[in-house]
Structures are given as structure tokens and as C-alpha cells.
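Please open the model in your viewer and keep the sequence panel beside it, since each stop on this tour begins with a selection.

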Amino acid sequence: MTDRDALFAGLRRWPDVEDAALQAHDASDALVLDQAAGGMAQGRMPAEVVVIGDRHGALTLGALHDGAEHVRVHQDSIVGERALDANAAAAGMTGYAHHQLDASLVEGARLVLLQLPRSLDELDEIAELVATHADERVVLVAGGRVKHMSMSMNALLERSFRSVHASLGWRKSRVLRAQAPRRPGISWPRTRRHDVAGEPLIVAAHGGAFAGTSIDIGAQTLLAHLPEILDRPLAADAPQVVDLACGTGVLGVALALAHPDIRVLATDASAAAVASARATAAANAVEDRVVVRQADGLEDVPDGSVPLILLNPPFHIGAAVHTGIAERLIADAGRALAPGGELWCVWNGHLGYRPLLDRIGETRQVSRNAKFVVTATRRR
């Protein structure tokens, strides 16, 4: 076992998830690091490296281990940031700084390491950013598991770089190397106009936001009950209501548009979601009543303080179907709900969240179709 292998073996997810299929690293991390160093002078990392998409710290700490002196890193998930911080502390390593996905992340960069996202839109936004703001000699080394890669990724990178080459496969992983930036400029976020309950709603989205500028089916299903949600003294007393796991902010912004007295707190663990929700609120001129915060659930919201929470929970961790995030969000919503407050939740019927909701209080099924269930849970 090499020193780097030992470093990787000590990495942990944050928070810990008891599921052997959910690891803190995989072979693509090692392949990206090896391919990046192999393409550099003296076969080692340069002093300054940019890392994008690191999941739990493998790329960032691996780059520092392999000779980088400072790493600028962007991770979409606040949970991923905390995993990196915890793993760095456990390994006694420093030398990195967290950045937003903006020009400051890649300005003047000569080497960018990327864990390939599954979303082509997310890859497009990253490629545009690097090709527009990094050094003209920049090399982007992007790796992933072969089963999640496609030729569309090569074609997309070629829109921002003149040279794109794929490595040979290794342990079911592969790397794409992109060079010679075309300086394409930035086209994100993007917007799209929708009709919600007969009223216009503009959705803005960055590349990494779930569902992009569309309104996903779960959100549509919950929005169909907007009149019922609003037809309650609880929501008409001008309280702060919560759009939990807000994504692009569709639910919270729709609430604010439908009721001029409502103030919304929208939270999400994803930086792309938070940036998108802020842009959606601004596009609909309700940014003064919709506050968007990046957070792990409702971590900064006091117990028993919220009269109304809307939740359209995710059910994936990376590429894996996993209910752990939704279970944590439901429990956190139950903690934050005021006595008599309600959690309106839409969820895939086959996932069976009803027992979790019943622990919070009386739960009634509002509607059910072939795919989704909408429930309203009143806290005891």
C-alpha cells in the first residue's frame, strides 16, 4: 500500500453513512491524480492546483500529498466541504481554501482537477468557467467511472476547449484531458418561464441544479395543492415559512408570489441550488421576501419555531438511490416545526416515508398518483 493509498483508506464520509456501497473515494480519484502529475514537468503536481467536484476530500488531500502547496477547491455540497475539513484535520493536513464556483476559483490556474459530474449542464458550466478565466495554458483533467461517462461529455468539452483526449481505462475509470481554451464566455445561469396556477413563474438555474430550468414532477405535484396550503390561518399570519431542500427555489418563490405577506426561508446543501434559488427569487422580484441559505437541513433553525415547511426531498446520494438524506430532512423538519405546524411533503410512493412522518404527528394523505404521494403532517 502506498502512502496515498493509506491516506485514501482513512477518508470518511460526513456524516458517516453505514452503507458499504457509499465510499469516500474510488479509483477515479487516484487516476485523476496520476494522470495530472504524469502530464506535468518533473512528473509531479505544480504548487498551485484547482479542484472541482471533490466529494469527501480525496482529490484535494491527494493533490497536497502529491506535491501541491495550495489547492483552491469548490465542492457543491456543504456536507462535502465538512467531509474535506474533517478528513484534513484527521490527517493533519492544511493548504487548501474553499471557493465558490466563480472566476476567483480558476483565475490564472494552470491545472484543474475535476470529478466529472453526471449532469452535462453542470459539466458545461464548469468547462465554460475554466476555459474563460483560467490561464491560456490550463490543463483540465476530468475523471469518472466509465459507467457514468458518455461521448457527449467529450463533445461538450470540445465546445470550450480545442483539444480533448481520453485516457485508457483503469479499474473501471477513465480520464478526459482538455486543453487550449476557446474563451467561450459564461452563459449560466439560464432561465425559463412557466405558468403555475395560471400565474407566471420564472425559473433560473445553474448547471448543477436538479431539474435545471424545468419544474420537476414532484414539485409540480405539490404545487397543485398550493391553494390548500395557503388556505390556513397559519400561512396567512405573515410568518416565515420554509422551503426545505429548495433546489431552484420553485416552491418557496411560488408561495411568495401567491401571498404578498409570506416570508420564506429556502435552504439547500447544494451551492448550485442556492445560487439558482437566489436567481429565481430575483427573476420573480421576490428576493426581499425569499432568503436563501446554504445549510445542512435546518441546522440553524431553532426547535419548534416554524409554522409551515414544504419538502420535496432528494432520494439519491451521488449515483446511488438512497433514502438517508430524505430521512434526515424529515426528522429535522419535525424538530423545527412549531406545535400545530405542518410539514407538506411530496415523495415517491414506493419509498414508504409514512412511518417517519407519523413520528412527527398526525399525517394525512392529501393525494396519490401512480408515482407520488403528497402528505400533510401536523406536529403534536
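The stops below go through a helix, a histidine, some backbone angles and a few aromatic rings.

Before selecting anything, bear in mind that this is a predicted model.

Begin with helix H3, residues 58-65, which is mostly covered, 7 of its 8 residues being buried. The buried residues to highlight are Ala58, Leu59, Thr60, Leu61, Gly62, Ala63 and Leu64. If you then step past the end of the helix, you come to Gly67, which follows H3 and has a positive phi, near 125°.

Next select His74, which is found in strand E2, residues 70-74. Is His74 buried or exposed? Its relative accessibility is 6%, and because the cut-off for buried is under 20%, His74 counts as buried. Show the side chain of His74 and draw a distance to the backbone oxygen of His99, which it reaches at 3.0 Å. With neighbours within four places in sequence left aside, the residues in contact with His74 include Val51, Ile52, Gly53 and Asp54, as well as His99, Gln100, Leu101, Leu105 and Ala271.

The next stops concern the backbone. Most residues other than glycine have a negative phi, and most peptide bonds are trans. Select Lys172, in the loop between strand E6 (161-166) and E7, where phi is near 65°, a positive value in a residue other than glycine. Lys172 is exposed, with a relative accessible area of 66%. Then move to Ala180, which is found in strand E7 and whose phi, near 60°, is likewise positive in a residue other than glycine. Ala180 counts as partly exposed, at 31% relative accessibility.

Continue to Pro189, placed in the loop between strand E7 (173-181) and strand E8 (190-196). Which form does the peptide bond from Trp188 to Pro189 take, and what is its omega? This bond is cis, with omega near 0°. While Trp188 is in view, add Arg190 to the selection, as Arg190 lies over the face of Trp188, at 3.7 Å from the ring centre.

For the last stop, turn to the aromatic rings, for which a search of the whole structure finds 1 aromatic pair. Select Trp347 and Tyr353, whose ring centres are 5.7 Å apart and whose planes stand at 55°, so the pair is tilted. Both Trp347 and Tyr353 are buried, and hiding the surface will help you to inspect the two rings.

Terms used
Residues numbered from 1 in each chain as written. Predicted model: local features only at pLDDT ≥ 70, side-chain atom pairs only at ≥ 80, totals over all residues. Heavy atoms only, no water. Buried < 20%, exposed > 50% of the residue type's maximum accessible area, 1.4 Å probe, protein only. Helix = DSSP H or I, 4+ residues; strand = E, 2+ residues; numbered from the N terminus. Polar contact = N/O pair within 3.5 Å; in protein donor to acceptor, adjacent residues only side chain to side chain. Contact = heavy atoms within 4.5 Å. Phe/Tyr/Trp six-rings, centres within 6.5 Å; stacked < 30°, edge-to-face > 60°. Lys NZ or Arg CZ within 6 Å of the ring centre and 35° of its normal.
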